[in-house]
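Work through the exercises below with the sequence and the coordinates open. Each task is followed by a solution in steps.

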Amino acid sequence: MFLLALPSEYGYSASGIRASGAEQQLILRRNRNSMANPLSKSKIVATLAEKVSTDEKPVSKKQISAFFDELFKLAVKETKGAGKFVIPGLGRAVKAHRKARLGRNPATGETIKIKAKTVVRLRAAKAFKDAVLK
């Protein structure tokens with residue numbers, strides 16, 4: 001018996017048998033998006049509720065979700081007022097001003113004026129970067 005070894009991206013398994021539809025979709029999705037899929041808010045909330053809860057003091061998903069909502073409101077309020085909001089060890093949101101500048105319309109090549117505006121930049125903390133990149 002002769003088996004042809006084709007890479008999985010062609011839709012064949014290691015034994016040379018054609019992969020099922022679900023397996024093929026997974027293979028295509030994996031090839032299309034090499035970056036990991038981020039956790040959804042509900043998965044983050046569920047994970048934190050599980051990690052933080054103890055038998056003596058259970059913490060519900062609703063309480064964790066309310067915490068994130070309040071953290072968001074606080075971050076918006078502080079960034080609007082003080083110009084920055086810091087979560088120690090994770091990073092900060094900084095309000096920055098962009099100057100007016102000349103740009104180019106890519107479709108026509110025409111030079112255009114881009115107005116000055118205020119933007120929010122999210123900057124990762126050094127501790128966070130070091131932990132992720134190790």
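The exercises concern a predicted model and go from the whole chain to single residues.

**Exercise 1. Overall make-up**

Task: State how many helices and strands the protein has, and in what order the elements run.

Solution:
- Step 1. The secondary structure consists of four helices and five strands.
- Step 2. Read from the N terminus, the order is α-α-α-β-β-β-β-β-α.
- Step 3. Of the 134 residues, 13% are buried.
- Step 4. The accessible surface is about 11600 Å², and carbon and sulfur atoms hold 60% of that surface.
- Step 5. Among contacts with a separation of 6 or more, 25% join residues 24 or more positions apart.

**Exercise 2. The span of H3**

Task: Compare the span of helix H3 with the one expected at 1.5 Å a residue.

Solution:
- Step 1. H3 covers residues 61–82, which is 22 residues.
- Step 2. The expected span is 1.5 Å times one less than the number of residues, and for H3 this comes to 32 Å.
- Step 3. From first C-alpha to last, the model gives 31 Å, close to the expected value.
- Step 4. Just after H3, Gly83 has a positive phi of about 95°.

**Exercise 3. The two faces of H3**

Task: Which residues of H3 are buried, and what covers them?

Solution:
- Step 1. Buried means under 20% relative accessible area; in H3 this applies to Ile64, Ala75 and Thr79.
- Step 2. These residues lie on the same side of H3, because the arc they cover around the axis is only 40°.
- Step 3. Their cover includes helix H2 (41–52), strand S1 (84–87) and strand S2 (91–98).
- Step 4. On the face turned away from the buried side, the exposed residues are Lys62, Lys73, Lys77, Lys80 and Gly81.

**Exercise 4. A nonpolar patch**

Task: Find the residues that form a nonpolar patch on the surface together with Leu48.

Solution:
- Step 1. Leu48 is placed in helix H2.
- Step 2. Leu48 counts as partly exposed because its relative accessible area is 32%, and a patch residue needs over 30%.
- Step 3. The patch is formed by Leu39, Ile44, Leu48 and Val52, with about 320 Å² of accessible area together.

**Exercise 5. Proline 58**

Task: Is Pro58 buried or exposed, and which residues does it touch?

Solution:
- Step 1. Pro58 sits in the loop between H2 and H3.
- Step 2. The relative accessible area of Pro58 is 62%; the cut-off for exposed is over 50%, so Pro58 is exposed.
- Step 3. Leaving aside residues up to four places away in sequence, Pro58 touches Ser53 and Gln63.

Conventions:
Residues numbered from 1 in each chain as written. Predicted model: local features only at pLDDT ≥ 70, side-chain atom pairs only at ≥ 80, totals over all residues. Heavy atoms only, no water. Helix = DSSP H or I, 4+ residues; strand = E, 2+ residues; numbered from the N terminus. Buried < 20%, exposed > 50% of the residue type's maximum accessible area, 1.4 Å probe, protein only. Arc of directions from axis to C-beta. Contact = heavy atoms within 4.5 Å. Patch = residues over 30% accessible without salt bridge, like charges linked within 9 Å, V, L, I, M, F, W, Y side chains within 5 Å. Areas by Shrake-Rupley, 256 points an atom, 1.4 Å probe, with all protein chains shown as cover. Salt bridge = Lys/Arg side-chain N within 4 Å of Asp/Glu carboxyl O.
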